[in-house]
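Student: Please take me through one part of this model closely. I would like to start with how two neighbouring strands fit together and then see what lies around them.

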Amino acid sequence: MSDAAQPAPIPRRRFAEGVTADDLRGYMAPYVARLGYRFNTDEGFVAELLDSELGILAEAGDVYCPCRLRSGDPKEDAAIVCPCIAVNVVEFAAMRKCWCGLFIRTDVEDGSTLHGVIEKADGPTEVRVAAKDDMRDGEVRHLKLGKRDVALVRAAGNYYVLSNVCRHAFAPLSDGFVEGFELVCPLHGWRFDVRDGSTDHPDSDVRTYPVAVRDGEVFVTI
Amino acid sequence: MARLKVYALSTCPYCKQARAFLTDNGVDFDVVEVDKLTGAERDQAVAEVKALSGGTSFPVLTKDGAVVVGYDRGGIMKLAGLQ
């Protein structure tokens, strides 16, 4: 083996050559809309950010956040590929925008008012988790909200959020199924009432989180 | 009293706004554009940013041991002694 330094590997390019800012807008806009976000209303600011992202794409192979430093480890840096809302969902819900300001929450009218706003998610934070019509009764989804794994359940037209970890053998409850107001664990069939997290098994209730529905959007406070 | 120091990325609009805000308010400051550094200089700057802020999100501003992370105008005014 030679001790000579190996040349740096050429990063794998994640978008085709010739991709434009409009192309990025076209693919990002419907995705972030599903998360309750949209492009900042400050058009000049958005243009500057997308221009930065295209420069980063040419250099590093992907559209990394212009305001966060890449480590060079693709696995670690996956957390800062734009849009990075899903991996920072609680922090951004508190700031009402993403870190660099490219995206703002849909309930923010004027994104320019948020420049300079850095609010920490120190206390309970309300996070938008779905549109009201996204799910059907009896449906359950797994959500990763910051460090918490929760199950989002729709039952009898209402939404419920509870811890996703069964306290029996730690199975993910979102892999189970819903019967009435009960979420049934996939591993051994333990039943949890989605309204209060209770179960017939002693000392095994799971935590529930407050849910609110406003303007067709479902929010959970965690 | 130490000068205010701004750690920034050349690609980051909030970093530019933070610098413009300081300039507009007549604050003298030093800038380290971390993504423009290489080798040991870069490693040193990244280590400093991590020690100050606990991460690698920018801008990071510091003076006399106090730290502001992000383009937080209120925090920057306090850091720079503007209020």
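Student: In which sense do β5(A) and β6(A) pair, and over how many bridges?

Tutor: β5(A) and β6(A) pair in the antiparallel sense, over 6 bridges. Before we look closer, a word on the ground rules. This is a predicted model, in which local features need pLDDT of at least 70 and side-chain atom pairs count only at pLDDT 80 or more, while totals for chains, interfaces and linings use all residues. Residues are numbered from 1 along each chain as its sequence is written, chains are lettered from A and ligands numbered from 1 in the order in which they are written, and side-chain values use heavy atoms, with hydrogens and water left out.

Strands (E, at least two residues) and helices (H or I, at least four) are DSSP runs, numbered from the N terminus. Two strands pair if DSSP finds at least two bridges between them.

Back to your two strands. Find Val150(A), and you will see that its bridge partner in β6(A) is Ser163(A). The two strands form a hairpin with 2 residues between them, and Ala156(A) in that turn has a positive phi of about 50°. β6(A), residues 158–163, is mostly covered, with 5 of its 6 residues buried. Here buried means under 20% relative accessible area and exposed over 50%, with partly exposed in between (1.4 Å probe, protein chains only).

Now widen the view. β5(A), residues 148–155, also pairs with β4(A) in the antiparallel sense over 6 bridges, and Lys144(A) stands opposite Asp149(A) there. β6(A) pairs with β10(A), again antiparallel, over 2 bridges; Val161(A) has Tyr209(A) as its bridge partner in β10(A). Put together, 4 strands of chain A form an open sheet in the order β4-β5-β6-β10, with antiparallel pairing. β4 (140–145) and β10 (208–209) stand at the edges with a single partner strand each, so one side of each has no neighbour in the sheet.

Another group of strands in chain A can be read in a similar way. β12(A) covers residues 217–221, and 4 of its 5 residues are buried, so the rest of the structure largely encloses it. β3(A), residues 126–131, pairs with β12(A) in the antiparallel sense over 5 bridges, with Glu126(A) opposite Thr221(A). β11(A), residues 211–214, runs antiparallel to β12(A) and is joined to it by 4 bridges; in one of these contacts Ala212(A) has Phe219(A) as its bridge partner. β11(A) and β12(A) form a hairpin with 2 residues between them, and Asp215(A) in the turn has a positive phi of about 50°.

Helices have sides too, and α2(A), residues 43–60, shows this well. Its 18 residues should span 26 Å at 1.5 Å a residue, and its end C-alpha atoms are 25 Å apart, which agrees; the expected span is 1.5 Å times one less than the number of residues. Its buried residues are Phe45(A), Val46(A), Leu49(A), Leu50(A), Ser52(A), Glu53(A), Ile56(A), Leu57(A) and Ala60(A). They cover an arc of only 155° around the axis, which puts them on the same side of α2(A); that arc is taken from the directions from the helix axis to the C-beta atoms. On the other side, Asp51(A), Ala58(A) and Glu59(A) are exposed.

Glu53(A) also leads us to some empty space, since that residue is among those that line the largest cavity, together with others including Cys65(A), Arg68(A) and Trp99(A). On a 1 Å grid over the protein atoms alone, a cavity is a set of points where a 1.4 Å probe fits but cannot get out, and lining residues have an atom within 4 Å of a point. By this rule there is 1 cavity of 30 Å³ or more, and the largest cavity holds about 60 Å³. That volume is the space filled by probe spheres set on the grid points, which are joined across faces, edges and corners. Its lining has 9 nonpolar residues, no polar ones and 2 charged ones. In this count Ala, Val, Leu, Ile, Met, Phe, Trp, Tyr, Cys and Pro are nonpolar, Asp, Glu, Lys and Arg are charged, and the others, Gly among them, are polar.

Terms used:
1 Å grid on protein atoms, 1.4 Å probe; cavity = no way out; pocket = protein on both sides within 12 Å on 5 of 7 lines; lining within 4 Å.
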